[in-house]
Amino acid sequence: MFHNSDRTYIVAEIGGNFIDFDKGAVLIDQAKECGVDAVKLQTYRADTITSRQAVFDMENTGIISQTELFKKYELSEKMHQKLFQYAKEKGLDIFSTPSHITDVELLEKLDMDLYKIGADDAVNIPFLKTVARLQKPIMLSTGMCTLEEIKEAVNAITEEGNKNIVIMHVVSLYPTEPSYVNLESVRTLQREFPQFTIGYSDHTLGVDSCIFAAVMGAKVIEKHFTYDKNADGPDHRLSATKDEMTTLVNKIRLYEQMRGDGIKRPMGDEVKNRKNNRKSIVCTKGIKEGGIITENDIDIKRPGFGIPPKYREAVIGRRAARDIEEDSIICWSDVK
């Protein structure tokens, strides 16, 4: 799925932002129009992801039973099938985040190419090993993790012979305030895990942090995506709208175009501009053939077709090899 390492892979996370196929299809259609590479779902069952004792206590949810919320947004196997088929027909990659071994079994029926591991399972070593044994790419969320916990998770995956890992910098706050985004962690992960792809999954309001993360070298960008920020559900508020996602994609693609290869050299018509816009040694008054060139006979002006200014001292004191007209460029063939 990451066929071009020079191109940022952009994912629209639509899981949790719809409960019926029509709304899911709208999100897939709009994501396609934005130019993303993939859409992502969340695959869970309320009774396997959480106990009845667990509650959410976050800004985007308030205090609410996790079982109650998950029950509302869980997707049936039939819904998964229809969404996978629809996204593929639209030419988008589609994958999901499983939360239990039974979710993995469902996704394997759909021949999913990539597994996202949510932040809640980043330290669930038995689960990581189970998914790793499938030998498919794993996108590992690192929300709530310390660096040591990330190392443990990566080791658990690689011990199963799976080295196709994308490590995602994530802050599991909904929404994430700018002061907590900590984008420098992208570079920390690049230093600590140079053999793996590093990405960024965003929970801020707006899309600036995604663009900045791409500039800092994140090769995979994931952002929640919605058809309406005011729709019912905990993630709509911190999701990108169609206009925002389009901006995100276009800005990152523009950055990729501007980034270049890092080799400092004249680019495009700069080769022509070197001659037209640089300067040469110019004769300020006519010099007869055989005449000695003095300091008062020359100046430095555009264009750059003649002897470069750095050779000024080497020209002074030499003789003219031909008559040199006033305000003409002096070339090496003009002096002896």
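Is Cys210 buried or exposed in this structure? In the predicted model described here, Cys210 has a relative accessibility of 0% and therefore counts as buried. The other features of the model are set out below, beginning with the overall form of the chain and returning to the cysteines at the end.

The chain has 336 residues, and its radius of gyration is 30 Å, whereas a compact globule of that number of residues would have a value near 20 Å. Along the principal axes, the C-alpha trace extends over about 100 × 40 × 40 Å. The domain assignment divides the chain into domain 1, covering residues 9-259, and domain 2, covering residues 269-334, and the C-alpha centres of these two domains are 64 Å apart. In terms of secondary structure, the chain contains 12 helices and 12 strands.

Of the 336 residues in the chain, 46% are buried. The accessible surface amounts to about 17,000 Å², and carbon and sulfur atoms contribute 48% of that area. Among the contacts in the chain with a separation of 6 or more, 65% are made by residues that stand 24 or more positions apart.

The structure holds 3 aromatic pairs. One of them is formed by Phe21 and Tyr86, whose rings are arranged edge-to-face, with 5.7 Å from centre to centre and 85° between the planes. This pair links distant parts of the chain, since Phe21 belongs to helix H1 (residues 21-34) and Tyr86 to helix H4 (residues 77-89), with their positions 65 residues apart. Both Phe21 and Tyr86 are buried. Another edge-to-face pair is that of Tyr311 and Trp332, with a centre-to-centre distance of 5.4 Å and an angle of 70° between the planes. Here too, distant parts of the chain are linked, with Tyr311 in the loop between strand E12 (298-301) and helix H12 (312-315), and Trp332, 21 residues apart from it, in the segment after H12. Tyr311 is partly exposed, with a relative accessible area of 33%, and Trp332 is likewise partly exposed, with a value of 39%.

Several features of the backbone occur in loops. A cis peptide bond, with omega at about 0°, joins Tyr174 and Pro175, and Pro175 lies in the loop between strand E8 (165-170) and helix H8 (184-192). The loop between E8 and H8 also contains Asn182, which has a positive phi of about 55° although it is not a glycine; Asn182 is partly exposed, at 46% relative accessibility. A cis peptide bond with omega at about 0° also joins Arg302 and Pro303, and Pro303 is placed in the loop between E12 and H12. A positive phi, near 70°, is found in Met144, again a residue other than glycine. Met144 is located in the loop between strand E7 (138-141) and helix H7 (147-158), and with 62% relative accessibility it counts as exposed.

The cysteines can now be considered in turn. With a disulfide taken as a pair of cysteine sulfur atoms within 2.5 Å, the count comes to 0 disulfides. Cys145 takes part in no disulfide, as the nearest cysteine sulfur, that of Cys210, is 19 Å away. Cys145 is partly exposed, with a relative accessible area of 21%. Why does the sulfur of Cys210 form no bond with that of Cys34? The sulfur of Cys34 is the closest cysteine sulfur to that of Cys210, yet the two are 13 Å apart, which is too far for a bond.

Methods: Residues are numbered from 1 along each chain as its sequence is written. This is a predicted model: local features need pLDDT of at least 70, side-chain atom pairs count only at pLDDT 80 or more; totals for chains, interfaces and linings use all residues. Side-chain values use heavy atoms; hydrogens and water are left out. Buried means under 20% relative accessible area, exposed over 50%, partly exposed in between (1.4 Å probe, protein chains only). Domain bounds come from an automatic or database domain assignment. Helices (H or I, at least four residues) and strands (E, at least two) are DSSP runs, numbered from the N terminus. The radius of gyration is taken over C-alpha atoms; the globule rule is 2.2 Å times the number of residues to the power 0.38. Contact means heavy atoms within 4.5 Å. Accessible areas come from the Shrake-Rupley method with a 1.4 Å probe; for residues, only the protein chains shown count as cover. Rings of Phe, Tyr and Trp (its six-membered ring) pair if their centres lie within 6.5 Å; planes under 30 degrees apart count as stacked, over 60 as edge-to-face and the rest as tilted.
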